[in-house]
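Reader: I should like to learn how to read the helices, sheet and loops of a model. Could we take the features one at a time?

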Amino acid sequence: MTQWLTLSRAARLIGVSRGALQRQVRDGELATNDGLVSTEGLLRLYPQWSLEDSGAFERVTKLKEEAFGRRVQEHVLPSQEVLAQRLYAQSRELADLRRHLARYHTLVVNVGERLDALARSSPQAAIDELRAALDTGIAEVLATESADALTIMDDMLKVVSAHVTVRPSGHEFFVDGRDTLLQAGLKAGLKLNYGCGNGTCGLCKARVVEGEIVKAMPFDYPLSEAERAQGYTLLCAHSAGSSDIVIETLEAHGPGEIPEQEIAVRVRAIQPLATDTLLLHLQTPRGSRLRFLAGQSVTLFGGADGIDAQAVYPVASCPCDDRNLHFHVARNAHDAFATLLFDGALKSGDTVTVWGPSGDFVLAESERPLAFVACDTGFAPVKSLIEHAMAVDAAESMSVDWLATKSGGHYLANQCRAWAEAFDHFRYAALVDADAARGARTLVAAMATELALPTHDVYVTGPAPFVDAAVAALDGAGVPSAQRFAAVI
């Protein structure tokens, strides 16, 4: 029997991106029914698919190989309570199906016996035909082929991974291991509303429309009796109990809906990325996490040896890890904060104040392919955008063109090459040119020969001469202004 799946669940099972399936739907290669795709259609499109090829199988294999060891139980499997709840739900569903099947079997037997009785008392051709049709139908039911491999895998994954649908947006995500609903949603790139992340502020309050949840951690925020009766819960303190959950909550649609925050954070590490570039790793307190969108910037305030400094830097890390904030800081004699870092005045363990986020250099709501054009440390917000795009799993392809104006400027080239090797539709190109404007024109000219640029959303970031030249070149290449996004750093 054919099973119908959402695109997100189908992509997870097959081991391809959601964007790839969307492209196949648009091209007429994959049929849909009310936005759902069938396992039968997927297997026709991917006839060479095997359990070994899917990421889902890799997770299951890992569980088998490590024999459900303690580390796997803590980091891969849900809690014993959640597993028991999901197994019970599947067992109850199976028991219900068996009970219905037994009742249908009894009904069919009774109908057959009555037809036999009618045939003996008043033989008629119509009754004989009806009896023959009944026998044929029973034979066809008994001869029904077994469920396909995708259906079996989907049922198996429902035990270890819950599927969550968010209303009214329709966004979907999966809850793996012991993640809370909030953690899983952020990892999937959703712009959920939240504050402290530890059950104190109540900003992540949402209504559970369908499914069951379980408490994952203690919380102090007092839900009223009316809220509890309506199904409200805290996403940061609960996980999915059943395999399918529907929640109702509002999501941010843009930078204007993300509140500014001021947080005292600790310098976790300062590491060299290149001769003139440092990785600054800041960590927030557990009860004060920075809510931001990929591509946004923050203002840092710090001081040492009687020197106070501040600077605006784009966040280089993904919003899904809101406690660990990464920044790429270039050596700059005119940047007092950077001078503190390079001189060693600001050290691991020191306190820095974060204010933000700011800026609107964020991903647009679009299904178009993505192209990123960066210069020097302009790669920092691009890295955040790419990691977010991968988490959302909507872009069918991505391209990165990175200009370095000095030695060591491609300080994370290995990361870019790793992305290109890991993803089928990821392109990476690097260029060195001391003249930022000239380099920008060269990059765009090369992109135009390899990409259908007018069909892409293009994100440009770096120093002003680079951004201005790149935007002008993109305009000349036919990229509409609505599909060009730029930020000067």
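Reader: Which residues of α1 are buried?

Author: Please bear in mind that this is a predicted model. A residue counts as buried when its relative accessible area is under 20%. In α1 the buried residues are Leu7, Ser8, Arg9, Ala10, Ala11, Arg12, Leu13 and Ile14. The helix is thus mostly covered, with eight of its eight residues buried. Just after α1, Gly15 adopts a positive phi of about 90°.

Reader: At what angle do α1 and α2 pack, and how far apart are their axes?

Author: The general idea is that two packed helices are described by the angle between their axes and the distance between the axes. Here α1 (residues 7-14) and α2 (residues 18-26) pack at about 115°, and their axes lie 9 Å apart. Because angles of 65 to 115 degrees count as roughly perpendicular, α1 is roughly perpendicular to α2. The crossing of α1 past α2 is right-handed.

Reader: Which residues make the contact?

Author: From α1, the contributors are Leu7, Ser8, Ala10 and Ala11; from α2, they are Arg18, Leu21, Gln22 and Val25. Sorted by class, this contact of α1 with α2 comprises five nonpolar, two polar and one charged residues.

Reader: Let us turn to the sheet. In what order do its six strands run?

Author: The order is β13-β12-β15-β10-β11-β14 in an open sheet, and the pairing is antiparallel. The edges are occupied by β13 (307-314) and β14 (324-330); each has a single partner strand, so one side of each lacks a neighbour in the sheet. From one strand to the next, the twist averages 35°.

Reader: How many bridges join β11 and β14?

Author: Strand β11 (residues 277-283) pairs with β14 over seven bridges, in the antiparallel sense. As one example of a bridge partner, Leu282 is matched with Leu325 in β14.

Reader: Finally, a loop residue. Where is Leu203 placed, and is Leu203 buried or partly exposed?

Author: Leu203 belongs to the loop between α9 (181-187) and β5 (205-210). Partly exposed denotes the range between the 20% and 50% cut-offs; Leu203 falls in this class because its relative accessibility is 44%.

Reader: With which residues is Leu203 in contact, leaving aside its neighbours within four places in sequence?

Author: Those contacts are Asn193, Tyr194 and Gly195. As for Glu40, 163 residues away from Leu203 along the chain, the C-alpha atoms of the two residues are separated by 42 Å.

Key:
Residues are numbered from 1 along each chain as its sequence is written. This is a predicted model: local features need pLDDT of at least 70, side-chain atom pairs count only at pLDDT 80 or more; totals for chains, interfaces and linings use all residues. Side-chain values use heavy atoms; hydrogens and water are left out. Axes are lines fitted to C-alpha atoms, for helices over the stretch in contact, and angles run from 0 to 180 degrees between N-to-C directions. Helices (H or I, at least four residues) and strands (E, at least two) are DSSP runs, numbered from the N terminus. Angles under 35 degrees count as roughly parallel, over 145 as roughly antiparallel, 65 to 115 as roughly perpendicular and the rest as oblique. A crossing is left-handed if the near helix is turned anticlockwise from the far one by less than a right angle, and right-handed if clockwise. Contact means heavy atoms within 4.5 Å. Ala, Val, Leu, Ile, Met, Phe, Trp, Tyr, Cys and Pro count as nonpolar, Asp, Glu, Lys and Arg as charged, and the others, Gly among them, as polar. Buried means under 20% relative accessible area, exposed over 50%, partly exposed in between (1.4 Å probe, protein chains only). Two strands pair if DSSP finds at least two bridges between them.
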